[in-house]
Amino acid sequence: MDAQTLFTLMFDLYRDGGRQGPGGETETRRALELTRLRVTDALRVADIGCGTGASTLVLANQLPCSQITAVDLFPEFLEVLQHRADAAGCLKRIETRAESMDSLSFAAESLDLIWSEGAIYNIGFRKGLEAWRPFLKPGGVLAVSEITWLHPNPPEEILQHWNSEYPEIATAADKIGTLESAGYDLIGYFVLPASCWLSNYYEATEARISAFLARHADKPEATQVAEMERHESELYRRFQNWFSYGFYVTRRR
Ligand code: SAH
(Lines give C-alpha, C1' and ligand atoms only; values in the text may rest on other atoms or scores of the structure.)
Protein backbone atom coordinates (compact mmCIF):
# COMPACT_ATOMS: atom_id res chain seq x y z
CA MET A 1 0.00 0.00 0.00
CA ASP A 2 1.44 3.43 -0.85
CA ALA A 3 1.97 5.95 1.93
CA GLN A 4 -0.70 8.36 0.71
CA THR A 5 -3.44 5.69 0.59
CA LEU A 6 -2.41 4.48 4.05
CA PHE A 7 -2.53 7.99 5.46
CA THR A 8 -5.91 8.79 3.86
CA LEU A 9 -7.43 5.62 5.29
CA MET A 10 -5.84 5.99 8.73
CA PHE A 11 -6.99 9.60 8.89
CA ASP A 12 -10.52 8.58 7.98
CA LEU A 13 -10.56 5.86 10.63
CA TYR A 14 -9.04 7.94 13.46
CA ARG A 15 -10.27 11.49 12.79
CA ASP A 16 -13.58 11.07 14.63
CA GLY A 17 -12.30 8.95 17.48
CA GLY A 18 -11.53 11.85 19.80
CA ARG A 19 -8.03 10.48 20.32
CA GLN A 20 -5.41 8.86 18.12
CA GLY A 21 -3.63 6.85 20.80
CA PRO A 22 -4.21 5.26 24.21
CA GLY A 23 -4.89 7.74 27.00
CA GLY A 24 -7.74 9.33 28.91
CA GLU A 25 -9.04 12.60 30.32
CA THR A 26 -8.63 11.37 33.89
CA GLU A 27 -5.02 10.42 33.18
CA THR A 28 -4.26 13.76 31.51
CA ARG A 29 -5.61 15.53 34.61
CA ARG A 30 -3.64 13.21 36.89
CA ALA A 31 -0.38 13.97 35.07
CA LEU A 32 -1.18 17.68 35.22
CA GLU A 33 -1.59 17.45 39.00
CA LEU A 34 1.83 15.80 39.21
CA THR A 35 3.42 18.82 37.49
CA ARG A 36 2.54 20.93 40.58
CA LEU A 37 2.20 23.94 38.28
CA ARG A 38 -0.14 26.68 39.52
CA VAL A 39 -3.12 26.22 37.25
CA THR A 40 -4.12 29.88 37.32
CA ASP A 41 -0.71 31.11 36.07
CA ALA A 42 -0.42 32.48 32.53
CA LEU A 43 1.50 29.43 31.33
CA ARG A 44 3.00 28.97 27.85
CA VAL A 45 2.25 25.41 26.86
CA ALA A 46 2.98 23.22 23.82
CA ASP A 47 1.18 19.94 23.05
CA ILE A 48 3.42 18.01 20.67
CA GLY A 49 1.87 15.39 18.37
CA CYS A 50 -1.54 16.61 19.50
CA GLY A 51 -3.62 14.82 16.86
CA THR A 52 -7.21 16.08 17.05
CA GLY A 53 -6.55 17.48 20.50
CA ALA A 54 -7.58 14.88 23.11
CA SER A 55 -5.09 16.25 25.64
CA THR A 56 -5.00 19.83 24.27
CA LEU A 57 -8.66 20.35 25.16
CA VAL A 58 -8.21 18.97 28.69
CA LEU A 59 -5.18 21.24 29.22
CA ALA A 60 -7.08 24.27 27.91
CA ASN A 61 -9.91 23.50 30.31
CA GLN A 62 -7.68 22.88 33.34
CA LEU A 63 -5.30 25.79 32.68
CA PRO A 64 -7.72 28.67 32.08
CA CYS A 65 -5.04 31.40 31.75
CA SER A 66 -2.67 29.43 29.51
CA GLN A 67 -1.75 29.90 25.86
CA ILE A 68 -1.35 26.55 24.15
CA THR A 69 0.42 25.77 20.89
CA ALA A 70 -0.82 22.48 19.47
CA VAL A 71 1.66 20.88 17.06
CA ASP A 72 1.09 18.01 14.67
CA LEU A 73 2.64 16.97 11.39
CA PHE A 74 -0.79 16.73 9.76
CA PRO A 75 -2.90 19.86 9.14
CA GLU A 76 -5.96 17.60 8.70
CA PHE A 77 -5.85 16.70 12.43
CA LEU A 78 -5.29 20.35 13.39
CA GLU A 79 -8.41 21.41 11.49
CA VAL A 80 -10.49 18.97 13.53
CA LEU A 81 -8.79 20.26 16.69
CA GLN A 82 -9.75 23.84 15.79
CA HIS A 83 -13.41 22.86 15.39
CA ARG A 84 -13.36 21.07 18.74
CA ALA A 85 -11.65 24.01 20.46
CA ASP A 86 -14.21 26.38 18.96
CA ALA A 87 -17.07 24.21 20.26
CA ALA A 88 -15.40 24.12 23.70
CA GLY A 89 -15.00 27.92 23.72
CA CYS A 90 -11.20 27.91 23.99
CA LEU A 91 -10.13 28.51 20.39
CA LYS A 92 -8.66 31.93 21.25
CA ARG A 93 -6.10 30.35 23.59
CA ILE A 94 -5.00 27.64 21.16
CA GLU A 95 -2.68 28.18 18.24
CA THR A 96 -2.09 25.28 15.87
CA ARG A 97 1.17 24.62 14.03
CA ALA A 98 1.69 22.01 11.35
CA GLU A 99 5.34 21.08 11.76
CA SER A 100 7.50 18.12 12.62
CA MET A 101 8.38 17.46 16.23
CA ASP A 102 12.05 17.09 15.30
CA SER A 103 12.27 20.66 13.99
CA LEU A 104 10.01 22.76 16.19
CA SER A 105 10.01 26.53 15.75
CA PHE A 106 9.67 27.69 19.38
CA ALA A 107 11.97 30.36 20.81
CA ALA A 108 14.64 29.12 23.22
CA GLU A 109 13.48 28.85 26.86
CA SER A 110 9.99 30.09 25.99
CA LEU A 111 7.78 27.29 27.38
CA ASP A 112 6.58 26.52 30.92
CA LEU A 113 5.17 23.15 29.94
CA ILE A 114 5.67 20.68 27.12
CA TRP A 115 2.99 18.00 26.87
CA SER A 116 3.11 14.96 24.59
CA GLU A 117 0.86 11.90 24.75
CA GLY A 118 1.50 8.80 22.67
CA ALA A 119 3.57 10.69 20.12
CA ILE A 120 7.28 11.06 21.04
CA TYR A 121 7.97 7.55 19.66
CA ASN A 122 7.61 9.04 16.17
CA ILE A 123 11.12 10.49 16.49
CA GLY A 124 12.25 8.35 19.44
CA PHE A 125 12.29 9.09 23.17
CA ARG A 126 15.90 10.19 23.56
CA LYS A 127 15.91 12.25 20.40
CA GLY A 128 12.66 13.97 21.42
CA LEU A 129 13.94 14.72 24.92
CA GLU A 130 17.09 16.28 23.50
CA ALA A 131 15.32 18.21 20.74
CA TRP A 132 12.65 19.70 23.02
CA ARG A 133 14.70 20.60 26.11
CA PRO A 134 16.05 23.92 24.75
CA PHE A 135 12.48 25.25 24.36
CA LEU A 136 11.66 24.78 28.06
CA LYS A 137 12.42 27.50 30.55
CA PRO A 138 14.88 26.22 33.18
CA GLY A 139 12.63 24.53 35.75
CA GLY A 140 9.95 24.08 33.09
CA VAL A 141 8.02 20.82 32.97
CA LEU A 142 7.87 18.07 30.37
CA ALA A 143 5.00 15.54 30.68
CA VAL A 144 5.28 12.72 28.20
CA SER A 145 3.76 9.28 27.75
CA GLU A 146 6.01 6.60 26.34
CA ILE A 147 5.72 2.88 25.62
CA THR A 148 7.22 1.03 28.60
CA TRP A 149 7.81 -2.56 29.68
CA LEU A 150 6.02 -3.19 32.96
CA HIS A 151 8.39 -6.06 33.88
CA PRO A 152 11.81 -7.17 32.70
CA ASN A 153 12.14 -10.24 30.43
CA PRO A 154 8.87 -10.15 28.45
CA PRO A 155 7.76 -13.22 26.45
CA GLU A 156 9.50 -13.72 23.10
CA GLU A 157 6.45 -12.98 20.91
CA ILE A 158 5.76 -9.54 22.33
CA LEU A 159 9.49 -8.79 22.65
CA GLN A 160 9.93 -9.44 18.93
CA HIS A 161 6.88 -7.36 18.05
CA TRP A 162 8.17 -4.32 19.91
CA ASN A 163 11.75 -4.82 18.83
CA SER A 164 10.60 -4.45 15.25
CA GLU A 165 7.99 -1.69 15.90
CA TYR A 166 9.88 0.41 18.44
CA PRO A 167 13.17 -0.95 19.74
CA GLU A 168 13.48 1.97 22.20
CA ILE A 169 10.79 0.35 24.40
CA ALA A 170 12.34 -0.22 27.85
CA THR A 171 11.45 -0.53 31.52
CA ALA A 172 10.58 2.59 33.53
CA ALA A 173 13.96 2.34 35.30
CA ASP A 174 15.73 2.60 31.93
CA LYS A 175 13.46 5.40 30.71
CA ILE A 176 14.07 7.40 33.90
CA GLY A 177 17.81 6.91 33.38
CA THR A 178 17.43 8.30 29.85
CA LEU A 179 15.46 11.29 31.17
CA GLU A 180 18.08 12.02 33.81
CA SER A 181 20.97 11.82 31.36
CA ALA A 182 19.10 14.13 28.98
CA GLY A 183 18.85 16.85 31.67
CA TYR A 184 15.45 16.24 33.30
CA ASP A 185 14.50 15.18 36.84
CA LEU A 186 11.53 12.89 37.39
CA ILE A 187 8.80 14.45 39.55
CA GLY A 188 6.00 11.95 38.94
CA TYR A 189 5.22 8.68 37.18
CA PHE A 190 2.28 6.37 36.64
CA VAL A 191 1.20 3.69 34.19
CA LEU A 192 -1.82 4.16 31.93
CA PRO A 193 -4.49 1.66 33.01
CA ALA A 194 -6.04 -0.85 30.59
CA SER A 195 -9.17 1.33 30.20
CA CYS A 196 -7.01 3.88 28.33
CA TRP A 197 -6.20 1.22 25.74
CA LEU A 198 -9.45 -0.75 25.63
CA SER A 199 -12.52 1.41 26.21
CA ASN A 200 -10.89 4.72 25.23
CA TYR A 201 -9.00 3.51 22.18
CA TYR A 202 -9.35 0.01 20.73
CA GLU A 203 -13.04 -0.53 21.51
CA ALA A 204 -13.82 3.01 20.36
CA THR A 205 -11.95 2.34 17.10
CA GLU A 206 -13.56 -1.07 16.62
CA ALA A 207 -17.00 0.52 16.95
CA ARG A 208 -16.21 2.63 13.87
CA ILE A 209 -14.72 -0.17 11.74
CA SER A 210 -17.87 -1.44 9.98
CA ALA A 211 -18.88 2.07 8.88
CA PHE A 212 -15.25 2.65 7.79
CA LEU A 213 -15.24 -0.53 5.68
CA ALA A 214 -18.61 0.41 4.16
CA ARG A 215 -17.28 3.88 3.20
CA HIS A 216 -14.30 2.24 1.46
CA ALA A 217 -15.99 -0.87 0.07
CA ASP A 218 -14.13 -0.31 -3.23
CA LYS A 219 -10.67 -0.31 -1.59
CA PRO A 220 -9.02 -3.58 -0.57
CA GLU A 221 -6.49 -1.46 1.38
CA ALA A 222 -9.25 -0.55 3.86
CA THR A 223 -9.53 -4.23 4.83
CA GLN A 224 -5.75 -4.24 5.37
CA VAL A 225 -5.98 -1.20 7.67
CA ALA A 226 -8.79 -2.86 9.64
CA GLU A 227 -6.69 -6.01 9.92
CA MET A 228 -3.64 -4.04 11.19
CA GLU A 229 -5.85 -2.45 13.82
CA ARG A 230 -7.31 -5.84 14.83
CA HIS A 231 -3.85 -7.42 15.10
CA GLU A 232 -2.54 -4.59 17.26
CA SER A 233 -5.51 -4.67 19.62
CA GLU A 234 -5.27 -8.45 19.93
CA LEU A 235 -1.60 -8.18 20.90
CA TYR A 236 -2.52 -5.62 23.54
CA ARG A 237 -5.30 -7.82 24.92
CA ARG A 238 -2.97 -10.83 25.17
CA PHE A 239 0.09 -9.04 26.54
CA GLN A 240 -1.43 -6.13 28.47
CA ASN A 241 0.32 -7.17 31.68
CA TRP A 242 3.69 -6.68 29.99
CA PHE A 243 3.57 -3.23 28.43
CA SER A 244 1.70 0.06 28.58
CA TYR A 245 2.36 3.74 28.28
CA GLY A 246 4.26 5.14 31.25
CA PHE A 247 3.43 8.79 31.96
CA TYR A 248 6.65 10.58 32.89
CA VAL A 249 6.35 14.00 34.51
CA THR A 250 9.73 15.70 34.64
CA ARG A 251 11.39 19.02 35.31
CA ARG A 252 14.11 20.52 33.16
CA ARG A 253 17.30 20.76 35.17
N1 SAH B 1 -1.61 13.08 21.31
C2 SAH B 1 -2.70 12.58 20.50
C3 SAH B 1 -2.25 11.85 19.24
C4 SAH B 1 -1.37 10.65 19.44
S5 SAH B 1 -1.06 9.77 17.92
C6 SAH B 1 -3.59 11.67 21.32
O7 SAH B 1 -3.17 11.26 22.42
O8 SAH B 1 -4.71 11.38 20.87
C9 SAH B 1 0.51 10.46 17.40
C10 SAH B 1 0.37 11.80 16.71
O11 SAH B 1 1.67 12.21 16.30
C12 SAH B 1 -0.49 11.79 15.45
O13 SAH B 1 -1.46 12.80 15.53
C14 SAH B 1 0.51 12.05 14.33
O15 SAH B 1 -0.06 12.79 13.26
C16 SAH B 1 1.57 12.84 15.04
N17 SAH B 1 2.90 12.79 14.39
C18 SAH B 1 3.51 11.74 13.80
N19 SAH B 1 4.75 12.07 13.40
C20 SAH B 1 4.92 13.38 13.74
C21 SAH B 1 6.01 14.31 13.59
N22 SAH B 1 7.16 13.95 13.02
N23 SAH B 1 5.84 15.56 14.06
C24 SAH B 1 4.67 15.95 14.65
N25 SAH B 1 3.62 15.11 14.82
C26 SAH B 1 3.74 13.85 14.37
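This is a short dialogue about the ligand site and the cysteines of a predicted model.

Tutor: Local features need pLDDT of at least 70 and side-chain atom pairs 80 or more, while totals for chains, interfaces and linings use all residues. Residues are numbered from 1 along each chain as its sequence is written, and side-chain values use heavy atoms, without hydrogens and water.

Student: What makes the backbone of methionine 101 a polar contact of the ligand?

Tutor: A polar contact is a pair of N or O atoms within 3.5 Å. A backbone N or O atom of methionine 101 lies 2.8 Å from a ligand nitrogen, so the pair qualifies. For leucine 73 the distance from a backbone N or O atom to a ligand nitrogen is 3.2 Å. A polar backbone atom of glutamate 117 is 2.9 Å from a ligand nitrogen.

Student: How much of the ligand does the protein bury?

Tutor: The protein buries 92% of the 570 Å² that the ligand exposes when taken alone. Areas come from the Shrake-Rupley method with a 1.4 Å probe.

Student: Why is cysteine 90 called buried?

Tutor: Buried means under 20% relative accessible area (1.4 Å probe, protein chains only). Cysteine 90 has 7% relative accessibility, so cysteine 90 counts as buried. Cysteine 196, at 0%, is therefore buried too.

Student: How do you know that cysteine 90 and cysteine 196 are too far for a bond?

Tutor: A disulfide is a pair of cysteine sulfur atoms within 2.5 Å. The closest cysteine sulfur to that of cysteine 90 is in cysteine 50, 12 Å away, so it is too far for a bond. From the sulfur of cysteine 196, the closest is also in cysteine 50, at 18 Å, again too far. The whole structure has 0 disulfides.

How values were computed
A polar contact is a pair of N or O atoms within 3.5 Å; within protein, one must be able to donate a hydrogen and the other to accept it, and residues adjacent in sequence count only if both atoms are side-chain atoms. Buried means under 20% relative accessible area, exposed over 50%, partly exposed in between (1.4 Å probe, protein chains only).
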